[in-house]
Amino acid sequence: METTNIVDFAGPDGITDTLTELLRTGAQQLIATAVQAELEGFMAQFSADRTEAGHAAVVRNGHHPARPFQTGIGPVSVRIPKVRSKNGQPVTFRSALVPPYVRKTKTLEAALPWLYLKGISSGEMAPALKVLLGPDAAGLSGNTVSRLKRDWAKEYDGWRTAELDDEPLVYIWADGVHSGLRGEDDKLCALVIIGVTARGKKGFLAIEDGVRESTQSWREVLLSLKSRGMNAPKLAIGDGAMGFWSALDEVYPETRHQRCWQHKTMNVLNCLPKLSQPRAKAAIHNIWQAENKDDADKAFDLFIKIYEPKYPKATLCLQKDREELMAFFDFPAQHWQSIRTSNPIKSAFATIRHRTKRSKGCLSRDGMLHMMFKLGQCAEQNWRKLRGFDYLAKVITGVTFKDGIETTENSQIAA
């Protein structure tokens, strides 16, 4: 018996796939069985109703014409039964499984905005769906995306004004996300803040339009969060080039600062020639990867001693934020990996650049914000709890940490 795993192409519009056809046939039978069960339950309501001649008042009356119903495995033909009343009372059978005028499953409809967010523009939606679902996917188009984008705008407006949970926030990450816009010379600067609660749950707190990360724009964002119920976080992490820090000192003066080591490394290396950058990068890594603050200070001083004579601009860039770069040593070591950089924001919005490149900047300012909001929601679903989240309660209560280790009375006496 000859076996082969080659799939024969039936033509340019599709392929012959025996497994898919089998699944589609099975789905059609399951839907028909489920609709029949719905019909029997519907008819049971009228079992006691009789005409004057003693016949059933409500009876079967054939089927509606078959219509294709788009699913994840392609179109499935569905026939909905009809009923007829003999006593003059209007009676209509409606299937909850296949409502009238519905031509696609809810999961398939949910896939449309996901395709859009991942780079398929509205104009390319129909060809993309034809490839995925076959030539019968004409009922699915970019119009669905346009309608859903209006819903995103309503969701975003409600989300940005909703009250925050009562659970206190421990850490926040802040950064500006820049993207090109249609018909505008200036890029959109979305001011983004992510927070982590005492239970280790991370979530977006703000995605707002800003003016080049100015202090006034950040002040407005922080004041809005404060009015919605945000407490003063223990630590804020962000890039050193933002107006965020001045605004934070005004709104939450008790919150400590932690500069992002990734941004700082890039800024320092930009002040050095390319041939010197690999060794300088390794020297910087020796600072923030040190096991304790004393070793980090030694590595810091060594970097200044080596590079200051020839490259004073690079050493000044590093030295001006020394205290803020070392703040993470006063927090649990389990959190260091998360609080040394603003990577949570960068990784969450990595698809923004891809999306704007695919659409060639054809997004309005509000449309871009709404898309960032939906991308943020998608990212949140895959986020795990903060590593070492059981230490967050100790940070909130003011427990002291030295070099990432909890300070106890015994260790203080021994010291």
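**View 1. L235 and its partner across the strands.** In this predicted model, L235 has R256 as its bridge partner, and R256 sits in strand 11. Zoom out a little and you'll see strand 10 pairing with strand 11, which covers residues 256-259. The two strands pair in the parallel sense, over 4 bridges.

**View 2. Strand 10, covered on both faces.** Stay with strand 10, which spans residues 235-238. Is each side of this strand buried or exposed? Take one side first: L235 and I237 are both buried there. Flip to the other side and you'll find A236 and G238, also buried.

**View 3. A cavity inside the protein.** How many cavities of 30 Å³ or more turn up? The count is 1, and the space in the largest cavity comes to about 30 Å³. Look around its wall and you can pick out R160, L205, A206, E208, V221, S224, L225 and R228.

**View 4. Who builds the cavity wall?** Strand 9 (202-210) gives at least two residues to the lining of the largest cavity, and so does helix 5 (215-227). Sort that lining by class and you get 4 nonpolar residues, 3 charged ones and 1 polar one.

**View 5. Stepping back to the whole chain.** The protein chain has 415 residues, and 43% of them count as buried. Its secondary structure adds up to 17 helices and 13 strands. Among contacts with a separation of 6 or more, 65% join residues 24 or more positions apart. On the outside, the chain exposes about 23,500 Å², with carbon and sulfur atoms supplying 52% of that area.

Definitions and conventions
Residues numbered from 1 in each chain as written. Predicted model: local features only at pLDDT ≥ 70, side-chain atom pairs only at ≥ 80, totals over all residues. Heavy atoms only, no water. Buried < 20%, exposed > 50% of the residue type's maximum accessible area, 1.4 Å probe, protein only. Contact = heavy atoms within 4.5 Å. Areas by Shrake-Rupley, 256 points an atom, 1.4 Å probe, with all protein chains shown as cover. Pairing = 2+ DSSP bridges. 1 Å grid on protein atoms, 1.4 Å probe; cavity = no way out; pocket = protein on both sides within 12 Å on 5 of 7 lines; lining within 4 Å. Points joined across faces, edges and corners; volume = space filled by probe spheres on them. Nonpolar A, V, L, I, M, F, W, Y, C, P; charged D, E, K, R; others polar.
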